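Q: Hey, got a minute to go through this model with me? I'd like to start with the pockets, so tell me first what the word covers.

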Amino acid sequence: VVSLEEGYGPFTIDSYVPHVVGGLKWTQGWGAISGVVAYDSNYEEVAGKVRLDITPMENLSLFIMGGYGTDDNYTDATWAIPAGGRGMYKLWGGNWAVWGGGTYTINEKTSFNAQLSYDEDENFAVAANIAYDIVPGLTITAEVDYISMGDSNWTGIEAGDDDAIGGILRFQRSF
């Protein structure tokens with residue numbers, strides 16, 4: 001896939017040069033390998049991700065993904081809109097980040113999902129949930145999330161602590 005993008009909000013293009021994104025994916029019975037590279041034309045920065053998906057058993061799927069991005073202009077405060085080290089395509093702290101997780105299907109109605117993430121700024125997060133299909137088209141998901149803030153508080157929220165825990169209860173109706 002190749003796309004030319006306008007962006008959004010503070011990342012909307014500021015000239016005639018669009019943001020450029022390109023990606024490839026190779027899928028087999030065991031899983032897939034995919035990669036994407038993006039160019040932010042406003043800040044003249046590049047970011048990319050590579051992801052490996054595997055299905056070792058019928059009811060288990062796992063993934064691991066690594067990302068790398070340049071950030072010299074994202075951290076330079078002389079830009080009209082300082083980006084604070086993060087951009088439209090590089091949302092993590094520092095130059096690199098890694099994610100991993102998976103889904104275990106417990107039965108035909110219930111699945112357990114988990115994801116972990118870590119980046120160069122030592123931000124660490126965990127999300128885990130149970131999704132249950134009450135009836136076809138109606139799913140309830142209970143999730144718990146944890147984050148340990150590293151060297152940068154990218155949220156802009158001063159919670160008074162470097163660790164936070166939260167949760168959601170989601171009701172989803174699909175038609």
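A: Sure. On a 1 Å grid over the protein atoms alone, a pocket is an open set of points with protein on both sides within 12 Å along at least five of seven lines. Keep in mind that this is a predicted model.

Q: OK, what volume does the largest pocket have?

A: About 400 Å³.

Q: And which residues lie nearest its centre?

A: Lys49, Arg86, Leu91, Trp92 and Trp99 do, out of 22 residues that line the largest pocket.

Q: How does that lining divide into nonpolar, polar and charged?

A: You get 16 nonpolar residues, three polar and three charged.

Q: Which strands supply at least two residues each to the lining of the largest pocket?

A: Strand 3, strand 4, strand 6, strand 7 (110-119) and strand 8 (124-135).

Q: Switching to cavities: how many of 30 Å³ or more turn up in the whole structure?

A: The search finds one, and its volume is about 30 Å³.

Q: What lines that largest cavity?

A: Ala38, Tyr39 and Asp40 are among the lining residues, as are Glu45, Val46 and Ala47. Thr70, Tyr74, Tyr89 and Lys90 line it too. Strand 3 (31-40) and strand 4 (45-57) each supply at least two of the lining residues. By type, the lining has six nonpolar residues, one polar and three charged.

Q: Now the sheet. In what order do the strands sit?

A: There are 10 strands in an open sheet, ordered 1-2-3-4-5-6-7-8-9-10, with antiparallel pairing. Strand 1 (2-5) and strand 10 (163-173) are at the edges with a single partner strand each, so one side of each has no neighbour in the sheet. On average, neighbouring strands are turned by 15 degrees against each other, direction ignored.

Q: How many bridges join strand 5 to strand 6?

A: Nine, between residues 60-69 of strand 5 and residues 96-105 of strand 6, and the two run antiparallel. To pick out one spot, Ser61 stands opposite Thr103 in strand 6.

Q: Last topic, salt bridges. How many does the whole structure have?

A: The search comes back with one. Arg51 pairs with Asp53 there, and the closest N and O atoms are 2.9 Å apart. Side chains of opposite charge can pair when their charged atoms come close.

Q: Why is Arg51 called partly exposed?

A: Because its relative accessible area is 28%, and partly exposed covers what falls between the 20% and 50% cut-offs.

Technical notes
Residues are numbered from 1 along each chain as its sequence is written. This is a predicted model: local features need pLDDT of at least 70, side-chain atom pairs count only at pLDDT 80 or more; totals for chains, interfaces and linings use all residues. Side-chain values use heavy atoms; hydrogens and water are left out. On a 1 Å grid over the protein atoms alone, a cavity is a set of points where a 1.4 Å probe fits but cannot get out, and a pocket is an open set with protein on both sides within 12 Å along at least five of seven lines; lining residues have an atom within 4 Å of a point. Grid points are joined across faces, edges and corners, and a volume is the space filled by probe spheres set on the points. Helices (H or I, at least four residues) and strands (E, at least two) are DSSP runs, numbered from the N terminus. Ala, Val, Leu, Ile, Met, Phe, Trp, Tyr, Cys and Pro count as nonpolar, Asp, Glu, Lys and Arg as charged, and the others, Gly among them, as polar. A salt bridge is a side-chain nitrogen of Lys or Arg within 4 Å of a carboxyl oxygen of Asp or Glu. Buried means under 20% relative accessible area, exposed over 50%, partly exposed in between (1.4 Å probe, protein chains only). Two strands pair if DSSP finds at least two bridges between them. Axes are lines fitted to C-alpha atoms, for helices over the stretch in contact, and angles run from 0 to 180 degrees between N-to-C directions.
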